[in-house]
Amino acid sequence: MTIAAAALYGFILPLVELTYKKAKQEISYALVMEIQLVMCLVATAFCTVGMLVNNDFKVIGREAREFELGETKYYIVAIFSAIIWQCFFLGAIGVVFCASSLLSGVVISVLLPVTEILAVFFFNEKFQAEKGVSLALSLWGFLSYFYGDIKRIKTKKPTPETEMTSSLPPNGTLESSV
């Protein structure tokens with residue numbers, strides 16, 4: 001199930017980028033926010049139906065009572081987790097809007113080991129083999145992306161047209177100052 005969820009999420013960012021490219025109107029900040037709102041509403045409806053089918057809403061009260069830090073802190077953690085996840089998704093979609101889905105995926109992969117390392121320091125979690133493998137794979141993917149990008153830039157030779165336009169002043173015209 002986890003692998004299927006990861007694969008599905010792997011398709012979401014490129015599909016959002018494709019949606020931006022196929023849009024028949026100019027992509028603005030308001031449109032990005034609207035797309036984010038629609039995605040979140042659909043995800044909420046999907047999860048709500050699943051929770052209703054499995055009677056998961058009845059379990060929330062019991063989980064809150066059994067939470068080690070207390071019932072109030074359970075609800076605080078749940079609410080702030082939802083807010084933080086919304087900020088994460090908005091940031092991921094914003095990176096797709098400003099750059100590309102590939103860069104958004106790279107940023108997400110880089111933040112995975114950062115959160116693992118911070119959890120070890122701040123929450124005194126044990127650094128087990130699974131975290132080490134996850135850290136190594138994330139860093140390998142991150143470094144591979146930048147290595148490939150640097151290699152591509154070095155092999156790309158500038159064309160004469162590119163050199164000419166890059167030497168023009170910002171307004172694109174050559175005027176004599178004499």
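## Helix packing exercises

α4 and α5 sit oblique to each other, a verdict that follows from their packing angle, since angles under 35 degrees count as roughly parallel, over 145 as roughly antiparallel, 65 to 115 as roughly perpendicular and the rest as oblique. The model you're looking at is predicted, so let's start with confidence and then come back to this pair.

**Exercise 1.** Work out where in the chain confidence is lowest and where it is highest.

*Solution.* Start with the whole chain: the mean pLDDT is 83, and 88% of residues reach 70 or more. Now go helix by helix. The low end is helix α7 (residues 160-166), with a mean of 54. The high end is helix α3 (residues 57-66), at 92.

**Exercise 2.** Describe how α4 packs on α5, from angle to contact residues.

*Solution.* Step one, geometry: the angle is about 140 degrees and the axes are 7 Å apart. Step two, handedness: this crossing is right-handed. Step three, the residues: α4 brings F88, A92, V95 and V96, while α5 offers S101, L103, S104 and I108. Step four, sort them by class: six are nonpolar, two polar and none charged.

**Exercise 3.** Find the orientation of helix α1 (residues 2-22) against helix α4 (residues 71-98), then list who touches whom.

*Solution.* The two axes come within 9 Å and cross at roughly 45 degrees. That angle is why α1 and α4 count as oblique to each other. As for handedness, α1 passes α4 in a right-handed crossing. On the α1 side you'll find Y9, L13, V16, E17 and Y20; they meet F88, F89, A92, I93, V96 and F97 of α4. Tally the classes and you get 10 nonpolar residues, no polar ones and one charged.

**Exercise 4.** Which residue forms a salt bridge with E17, and how are the two placed along the helix?

*Solution.* The partner is K21, with the closest N and O atoms 3.9 Å apart. That passes, because the cut-off for a salt bridge is 4 Å. Both residues belong to helix α1 and are four residues apart, about one turn of the helix. For context, the structure holds four salt bridges.

**Exercise 5.** Characterise the packing of helix α5 (residues 101-122) with helix α6 (residues 129-155).

*Solution.* First the geometry: an angle of about 145 degrees, with axes 9 Å apart. The crossing is left-handed. Next, the contacts: α5 residues including L102, V106, V110 and I117 meet α6 residues including L135, L139, F142 and F146. Last, the classes: the contact has 12 nonpolar, three polar and two charged residues.

Methods: Residues are numbered from 1 along each chain as its sequence is written. This is a predicted model: local features need pLDDT of at least 70, side-chain atom pairs count only at pLDDT 80 or more; totals for chains, interfaces and linings use all residues. Side-chain values use heavy atoms; hydrogens and water are left out. Axes are lines fitted to C-alpha atoms, for helices over the stretch in contact, and angles run from 0 to 180 degrees between N-to-C directions. A crossing is left-handed if the near helix is turned anticlockwise from the far one by less than a right angle, and right-handed if clockwise. Contact means heavy atoms within 4.5 Å. Ala, Val, Leu, Ile, Met, Phe, Trp, Tyr, Cys and Pro count as nonpolar, Asp, Glu, Lys and Arg as charged, and the others, Gly among them, as polar. pLDDT is the predictor's confidence in each residue, from 0 to 100. A salt bridge is a side-chain nitrogen of Lys or Arg within 4 Å of a carboxyl oxygen of Asp or Glu.
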